[in-house]
Amino acid sequence: MKTVFLITIIAWFSAMTASGQTSASDKLYLQLEGTKGVTTMSLSNAIIDMVDMVVDDDESKQVTGPLEKVKMMICNEEEGEDAIKAVIDTFEKKPFDEVEDADAEGDGRVFVIRKGRKIKECHIVGDKGDGLILLSFYGDFKIEDIDKLVDKAEDIN
């Protein structure tokens, strides 16, 4: 009886630990994947390794730190109204911090998850006129890299 109880506790703890590994943004993408009016795309580390992420300023510079994955979500305003609300609601809560962009000209907002001086996740939420576009970068960035990622996202938007 004690063995069964112990195995149950270990299994429960393992499940809780595994579910804690999924970030709120990953859960959001999973929740909205396949929803009418929502298009999602994900690039894994293997695909990213095939292409250097170069950000063009006055001179070409690479984003420092490893880029682990990139995700994108486009929500159509007419059919994806609930998805747009879910995106905004998710990023306005902890563990996300909104970052003010000094060069902010557009309607975009930048949300990050920090671990010390490093940025683990950077999410750029932009208004594309008839809906919303979300670009998510996962990795190990410096705060200086965020401006480069935002500029690149604005080129896409």
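**Exercise 1.** In which sense do strand 4 and strand 8 pair, and over how many bridges?

*Solution.* Keep in mind that you're working with a predicted model. Start by finding strand 4 at residues 67-76. Follow its pairing with strand 8: the sense is antiparallel, and there are nine bridges. For one concrete pair, look at lysine 69, which sits opposite tyrosine 138 of strand 8.

**Exercise 2.** Work out what joins strand 7 to strand 8, and what glycine 129 does in their hairpin.

*Solution.* Strand 7 covers residues 118-127, and eight bridges link it to strand 8. These two strands run antiparallel. Pick out isoleucine 119 next: its bridge partner in strand 8 is phenylalanine 141. Now go to the hairpin, where three residues lie between the strands. Glycine 129 has a positive phi there, near 90°.

**Exercise 3.** Is strand 8 largely enclosed or not, and why?

*Solution.* Strand 8 spans residues 131-141. Count its buried residues, taking buried as under 20% relative accessible area. You should get ten of the eleven, so the rest of the structure largely encloses this strand.

**Exercise 4.** Describe how helix 2 and helix 4 are arranged, and which residues meet.

*Solution.* Take helix 2 (residues 24-32) and helix 4 (residues 81-91): they pack at about 170°, and their axes are 10 Å apart. Angles over 145 degrees count as roughly antiparallel, and the two helices are therefore roughly antiparallel to each other. Now list who meets whom: Ala24, Ser25, Leu28, Gln31 and Leu32 from helix 2 touch Ala83, Ala86, Val87, Thr90 and Phe91 from helix 4. Sort the residues of this contact and you find seven nonpolar, three polar and no charged.

How values were computed: Residues are numbered from 1 along each chain as its sequence is written. This is a predicted model: local features need pLDDT of at least 70, side-chain atom pairs count only at pLDDT 80 or more; totals for chains, interfaces and linings use all residues. Side-chain values use heavy atoms; hydrogens and water are left out. Axes are lines fitted to C-alpha atoms, for helices over the stretch in contact, and angles run from 0 to 180 degrees between N-to-C directions. Helices (H or I, at least four residues) and strands (E, at least two) are DSSP runs, numbered from the N terminus. Angles under 35 degrees count as roughly parallel, over 145 as roughly antiparallel, 65 to 115 as roughly perpendicular and the rest as oblique. Contact means heavy atoms within 4.5 Å. Ala, Val, Leu, Ile, Met, Phe, Trp, Tyr, Cys and Pro count as nonpolar, Asp, Glu, Lys and Arg as charged, and the others, Gly among them, as polar. Buried means under 20% relative accessible area, exposed over 50%, partly exposed in between (1.4 Å probe, protein chains only). Two strands pair if DSSP finds at least two bridges between them.
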